[in-house]
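New to this one? Here is a quick briefing on the ligand and the spaces inside the protein, to read alongside the picture.

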Amino acid sequence: MPECALADGLMDFKGFDCIVIHFGEISIKGNNKPDFTKRLYANIKHMLEGVEYEKFETLRDRFVLYPKNNNGYARSLERLGRVFGLSWYAPALISESSMDSIIENSEKIIGNEETVKIIAHRSYKGLDFTSTELIGEFINREKELRFSIDKNSNSKLYISITKDRAYMTRERRAGLGGLPVGSSGRAISLFSGGIDSPVASYFAMKKGLELVYVHVHAFSDNEEAAGSKINGLLQILGRYYNSIRVYYVPAYPFQSAAMRIPHRFELVLFKRFMFRLAERISDIEGTDAIVTGESLGQVASQTLKNMASSQSGTKQFIFRPLIGFDKNEIIEYAKSIGTYDMSIGRYKDVCSISSIRPATGTSIGLIDRLCGSISMDEVVGRALNLAMRKDYKL
Ligand code: ATP
Ligand code: MG
């Protein structure tokens with residue numbers, strides 16, 4: 001067995017029978033658990049499209065995937081690393097739940113290690129030996145083995161014993177944690193081409209929300225927006241949940257109406273426009289919340305007063321996963337998620353709005369009046385009529 005430091009594509013998975021997959025947060029969800037596990041199972045299956053495997057079992061406390069060949073192992077492991085709701089996963093050898101069988105099988109996956117630390121756990125307590133007794137037996141029979149047992153060894157053998165099988169693994173790869181996408185419901189994500197909203201979308205998905213993206217663009221036609229970096233950013237987020245729905249909505253109905261109001265209020269009014277738009281799309285999609293990449297105090301439009309006056313009148317719950325993050329923290333997340341480089345690329349922003357010096361202390365009453373003066377509901381309706389919906393299956 002080659003060492004695990006090799007890239008998965010180069011690793012040899014001979015000796016392993018399957019990949020065991022353990023749930024994250026969902027294992028503490030009590031009555032909801034069957035729904036959560038069903039959702040997680042479906043999401044993993046979705047993610048494994050194109051990967052060859054014999055079967056994919058669902059057990060009480062774990063899933064077991066049987067990839068067909070070496071390539072199947074490598075590709076499965078890489079994809080499992082991008083599924084929300086997993087606690088850990090690992091290639092495993094399956095043995096019978098007897099001390100003899102476990103000890104005999106251990107050599108198949110230990111390779112050339114000289115010392116090994118055994119970590120054993122019984123999830124079925126009806127067996128005639130305890131985990132401590134199993135470790136004792138390994139020590140008793142050390143002379144028959146190619147390796148010795150050492151509780152300080154860095155090289156580990158994990159043994160998880162169920163009623164009739166023991167799963168033996170050499171490593172535990174950390175999953176992304178969180179909840180399966182879709183298990184908390186569906187939400188509209190207000191998605192710009194910036195750094196923040198892709199990160200906010202990632203965290204919303206991590207908390208189990210399936211997103212419908214809404215992007216308001218400054219192009220003269222929707223296809224141009226769909227061919228822009230927005231598409232590239234969505235493809236990156238699609239690595240974490242591979243079916244994507246997006247609405248491209250032209251900004252010009254709003255921009256032309258906003259010519260009638262003082263420039264410095266335009267940005268807050270644009271936010272109000274986007275929340276209204278999000279709610280109208282939510283009526284079509286049956287979603288229950290709105291996600292934004294806002295972070296308190298980050299830019300002029302994100303003062304507490306401006307956030308309050310832009311969201312006023314919005315009935316839906318607004319989820320702002322980044323509200324308390326510093327920009328540097330958000331940038332670090334963007335880098336690790338993979339969206340940063342594309343986010344900082346050039347983009348045709350809704351620019352007349354971003355270039356002005358915006359008011360920082362607007363009141364709800366003022367923004368209400370401005371909305372009335374431009375007939376905001378009609379403006380939203382016009383923009384929506386010009387919108388284009390697109391579905392991607394990655
Ligand atoms: P981001 O980096 O996400 O663009 P930002 O720091 O530029 O955010 P704002 O421009 O005030 O801040 O945008 C705050 C939030 O409003 C964004 O995170 C996004 O949720 C939403 N938003 C901004 N512009 C658009 C747009 N053109 N289309 C859809 N949503 C948008
Ligand atoms: Mg922005």
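What follows is a short tour of the ligand site, then the pockets and cavities.

Keep in mind that this is a predicted model. Ligand 1 sits in the largest pocket, and the protein buries 86% of the 580 Å² that the ligand exposes when taken alone. Besides that pocket, there is a second largest one of about 210 Å³, plus 2 cavities of 30 Å³ or more.

**Around the ligand**

- Ligand 1 has 19 residues around it, and the closest are L190, S192, D196, S197 and V216.
- Sort that shell by class and you get 9 polar, 7 nonpolar and 3 charged residues.
- D196 reaches the ligand with its side chain: one of its N or O atoms is 2.7 Å from a ligand oxygen.
- S197 uses its backbone instead, where an N or O atom lies 2.7 Å from an oxygen atom of ligand 1.
- K271 joins in through its side chain, with an N or O atom 2.9 Å from an oxygen of ligand 1.
- Three elements give two or more residues each to the shell: α5 (196-206), β11 (209-217) and α9 (266-285).
- β11 gives the most to this shell, with 3 residues.

**The largest pocket**

- The pocket that holds ligand 1 has a volume of about 830 Å³.
- Its lining is made of 34 residues, and S192, K271, M274, Q302 and D349 are the closest to the centre.
- S192 also turns up among the residues closest to ligand 1, while K271 is the residue whose side chain comes within 2.9 Å of a ligand oxygen.
- α5, β11, α9 and α13 (351-354) each give two or more residues to the lining.
- Here α9 gives the most, with 5 residues.
- By class, the lining has 14 nonpolar, 13 polar and 7 charged residues.

**The second largest pocket**

- This pocket has a volume of about 210 Å³.
- One run of its lining is L59, R60, D61 and R62, and another is T162, K163, D164 and R165.
- S123, Y124 and Y167 line this pocket too.
- Its lining residues divide into 6 charged, 3 nonpolar and 2 polar.

**The cavities**

- The structure holds 2 cavities of 30 Å³ or more, and the largest has about 50 Å³ of space in it.
- Lining the largest cavity are N43, H46, M47, V83, F84, V181, Y240, Y241 and N242.
- That lining has 6 nonpolar and 3 polar residues, with no charged ones.

**If you remember just a few things**

- Ligand 1 is in the largest pocket, with 86% of its exposed area buried by the protein.
- D196, S197 and K271 are the residues to find when you look at the ligand's oxygen atoms.
- α9 gives the most to the lining of the largest pocket, whereas β11 gives the most to the shell around the ligand.

Terms used. Residues numbered from 1 in each chain as written. Chains lettered and ligands numbered in written order. Predicted model: local features only at pLDDT ≥ 70, side-chain atom pairs only at ≥ 80, totals over all residues. Heavy atoms only, no water. Near = heavy atom within 4 Å. Polar contact = N/O pair within 3.5 Å; in protein donor to acceptor, adjacent residues only side chain to side chain. Areas by Shrake-Rupley, 256 points an atom, 1.4 Å probe, with all protein chains shown as cover. 1 Å grid on protein atoms, 1.4 Å probe; cavity = no way out; pocket = protein on both sides within 12 Å on 5 of 7 lines; lining within 4 Å. Sits in = over half its atoms within 2 Å of the grid points. Helix = DSSP H or I, 4+ residues; strand = E, 2+ residues; numbered from the N terminus. Nonpolar A, V, L, I, M, F, W, Y, C, P; charged D, E, K, R; others polar. Points joined across faces, edges and corners; volume = space filled by probe spheres on them.
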